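The exercises below are meant to be worked through with the sequence and the 3D structure open side by side. Please try each task before reading its solution.

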Amino acid sequence: MAPDIVAELIRNPQLAELGGMEREVAIVFSDIRNYSTISEPLGPGQTVDFLNRFLGEVCEIIMKDGGFVDKFTGDGVMAVFGAPVPLENPCACAVRSALEMVELVIKHGDKIVEDLPIPPFRIGVGVHFGKVVMGNVGSGRRMDYTCIGDVVNVASRIESETKSYHTAVLISEEVKRRIADEFIVEYVDEAMVKGRATPVRLYRVLHREGAHIT
């Protein structure tokens, strides 16, 4: 965890107890595209080495932008912005972090893979905003500090849609409404995501220089 989140848990020990509280947060999911194909020629040690290099860099970006790394999903990451430490604009922080993750891969991906037999790779990132229950979930012997709610599921589905729309960063309308003019966004589609009865309006985030990140 980032030092400020650890400090918050120390100041408020009740946050470390089983149970949770409702918070409005931005959820980020990222995933390496075609990971199975990329990792196929790698040995177990090389696979772990690659993931440690990549996830280490991604975690630094997330924590720098005020986010909390909730969990690793194999080759991906789930991050939370806005809790347990409040942020003035968690959506802006989340989108900024998403862009920086993509730029990391585009500009420095060759340094990440270095001596490993891995071709240039890309990632997809999805961002959604809404209310979750955040706190410790599990048992007295084993618990995870995480968040639960429909927002988490939708964020994961949005990330999956980056492949369908051939774009790197997709956000929901809930996120778009909260980032004002700080980023350049473009409407993509109104899509049905798995597990939802109502469609989600999707927007791609454009590069600061105006070019698409794919």
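**Exercise 1. A pair within one helix**

In which helix do Phe50 and Phe54 both lie, and how many residues apart are they?

*Solution.* Bear in mind from the start that this is a predicted model. Phe50 and Phe54 are both part of helix H3, where they are 4 residues apart, or about one turn of the helix. An α-helix has 3.6 residues a turn, so residues three or four places apart point the same way. The next step is to look at the two rings, whose centres are 6.5 Å apart and whose planes make an angle of 25°; since planes under 30 degrees apart count as stacked, the pair formed by Phe50 and Phe54 is stacked. Finally, consider accessibility: Phe50 is buried at 0% relative accessibility, and Phe54 is buried at 1%.

**Exercise 2. A ring from another part of the chain**

Describe how the rings of Phe50 and Phe121 are arranged, and state which parts of the chain this pair ties together.

*Solution.* Begin with the geometry: the ring centres of Phe50 and Phe121 are 5.4 Å apart and the planes stand at 85°, and because an angle over 60 degrees counts as edge-to-face, that is the class of this pair. Then locate the partners, for Phe50 belongs to helix H3 whereas Phe121 sits in the loop between H4 and E4, so the pair ties together parts that are 71 residues apart in sequence. Both Phe50 and Phe121 are buried. Putting the two exercises together, Phe50, Phe54 and Phe121 make up one aromatic cluster.

**Exercise 3. The two sides of helix H3**

Which residues of H3 are buried, and why can they be said to line one face of the helix?

*Solution.* First place the helix, which runs over residues 44–64, has 21 residues and reaches 30 Å from its first C-alpha to its last, close to the 30 Å expected. The buried residues of H3 are Thr47, Phe50, Leu51, Phe54, Leu55, Val58, Cys59, Ile61 and Ile62. Looking down the axis of H3, one finds these buried residues within an arc of 155°, so they line one face of the helix. On the other side of H3, the exposed residues are Gly45, Asn52, Glu60 and Lys64.

**Exercise 4. The core that the helices share**

How many residues does the largest nonpolar core have, and which element gives the largest share of it?

*Solution.* The largest nonpolar core has 46 residues, and Phe50, Phe54, Phe121, Ile123, Val125, Val169 and Ile171 are those with the most contacts inside it. Among the elements that give two or more residues to this core are strand E1 (19–32), H3, helix H4 (90–113) and strand E4 (123–138). The largest share, 13 residues, comes from H4. Apart from this core lies another of 15 residues, among them Phe29, Met78, Met134 and Tyr145.

**Exercise 5. Two residues of helix H4**

Decide whether Val105 and Lys107 are buried or exposed.

*Solution.* Val105 is found in helix H4, and Lys107 is found there as well. Val105 has a relative accessibility of 3%, which is under the 20% cut-off, so Val105 counts as buried. Lys107 has a relative accessible area of 53%, which is over the 50% cut-off, so Lys107 is exposed. The surroundings of Val105 can be added as a last step: leaving aside neighbours within four places in sequence, Val105 is in contact with Phe54, Phe121, Arg122 and Ile123.

**Exercise 6. Backbone angles worth checking**

Which bond is a cis peptide bond, and what is the phi of Glu114 and of His166?

*Solution.* Most residues other than glycine have a negative phi, and most peptide bonds are trans. The cis peptide bond joins Ala83 and Pro84, with omega at about 0°, and Pro84 has its place in the loop between E3 and H4. Glu114, in the loop between H4 and E4, has a positive phi near 40°, and with a relative accessible area of 58% this residue is exposed. His166, in the loop between H5 and E6, has a positive phi near 50°, and at 60% relative accessibility His166 counts as exposed.

Notes
Residues numbered from 1 in each chain as written. Predicted model: local features only at pLDDT ≥ 70, side-chain atom pairs only at ≥ 80, totals over all residues. Heavy atoms only, no water. Expected span 1.5 Å × (residues − 1). Buried < 20%, exposed > 50% of the residue type's maximum accessible area, 1.4 Å probe, protein only. Arc of directions from axis to C-beta. Core = buried A, V, L, I, M, F, W, Y, C linked by side-chain atoms within 4.5 Å. Contact = heavy atoms within 4.5 Å. Phe/Tyr/Trp six-rings, centres within 6.5 Å; stacked < 30°, edge-to-face > 60°.
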